Amino acid sequence: MKYINARFTVGVLAVALSGVALAADVKPADQIQIRQAGYRFMSWNMGKIKANLEGSFDAKQVTASANVIAAIANSGMGALYGPGTDKDIGDVHTNVKPEFFEKMPEVGKLAGNFVAAADNLAKVAATGDAAAVKTAFGDLGKSCKACHDQFRAKD
């Protein structure tokens with residue numbers, strides 16, 4: 001348990017520090033577009049996993065998709081929520097609620113849960129056990145939903 005808490009703390013710190021560095025280099029509108037692209041790519045890969053769970057299970061495809069999701073989850077996307085990315089910028093729209101930027105401890109907890117679920121899915125997918133993948137995939141979906149429910153505005 002201490003390892004998990006230490007990992008979480010280091011992760012949140014890394015995201016916070018990388019956000020400062022990134023914000024200086026990438027315009028807010030670009031940050032929004034980059035983070036949205038990351039989420040869309042994860043969503044596409046989740047769709048591939050779901051299709052495999054509902055149809056013919058291709059362990060290699062599931063593993064590849066799970067690894068992509070874990071890689072993006074661990075890439076420091078929190079840095080793409082820099083100053084000025086809390087609202088639409090010109091024709092660049094964001095669905096993030098302003099509360100996201102006001103409740104960073106809760107955001108950090110949800111982000112840590114998401115990363116842990118993504119890492120677990122990648123680990124489980126490597127076993128090729130479809131039933132275990134289904135459970136881990138469900139856990140990942142719950143971690144996504146927890147953040148969306150609290151911090152994503154409806155379209």
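This text walks through the helices and nonpolar cores of a predicted model. Local features are described where pLDDT is at least 70, side-chain atom pairs count only at pLDDT 80 or more, and totals for chains, interfaces and linings use all residues. Residues are numbered from 1 along each chain as its sequence is written, and side-chain values use heavy atoms, with hydrogens and water left out.

The largest nonpolar core (buried Ala, Val, Leu, Ile, Met, Phe, Trp, Tyr and Cys residues joined through side-chain atoms within 4.5 Å) has 24 residues, and those with the most contacts inside it are Ile49, Ile69, Leu121, Val133 and Leu140. Here buried means under 20% relative accessible area, exposed over 50%, and partly exposed in between, with a 1.4 Å probe and protein chains only. At least two residues of this core come from each of α2 (28–54), α3 (59–73), α5 (104–125) and α6 (130–151), where helices are DSSP runs of H or I, at least four residues long, numbered from the N terminus. The largest share, eight residues, is supplied by α5. Apart from this core lies another, of six residues, including Val96, Phe100, Leu110 and Phe151.

Helix α3 has 15 residues, and among its buried residues are Val62, Ser65 and Ile69. The buried residues of α3 pack against α2, α5 and α6. At the start of α3, a side-chain oxygen of Asp58 comes to within 3.1 Å of the backbone nitrogen of Lys60.

Asn45 is found in helix α2 and counts as buried because its relative accessibility is 2%. Leaving aside neighbours within four places in sequence, Asn45 is in contact (heavy atoms within 4.5 Å) with Ser65, Val68 and Ile69.

How values were computed
The expected span of a helix is 1.5 Å times one less than its number of residues. A polar contact is a pair of N or O atoms within 3.5 Å; within protein, one must be able to donate a hydrogen and the other to accept it, and residues adjacent in sequence count only if both atoms are side-chain atoms.
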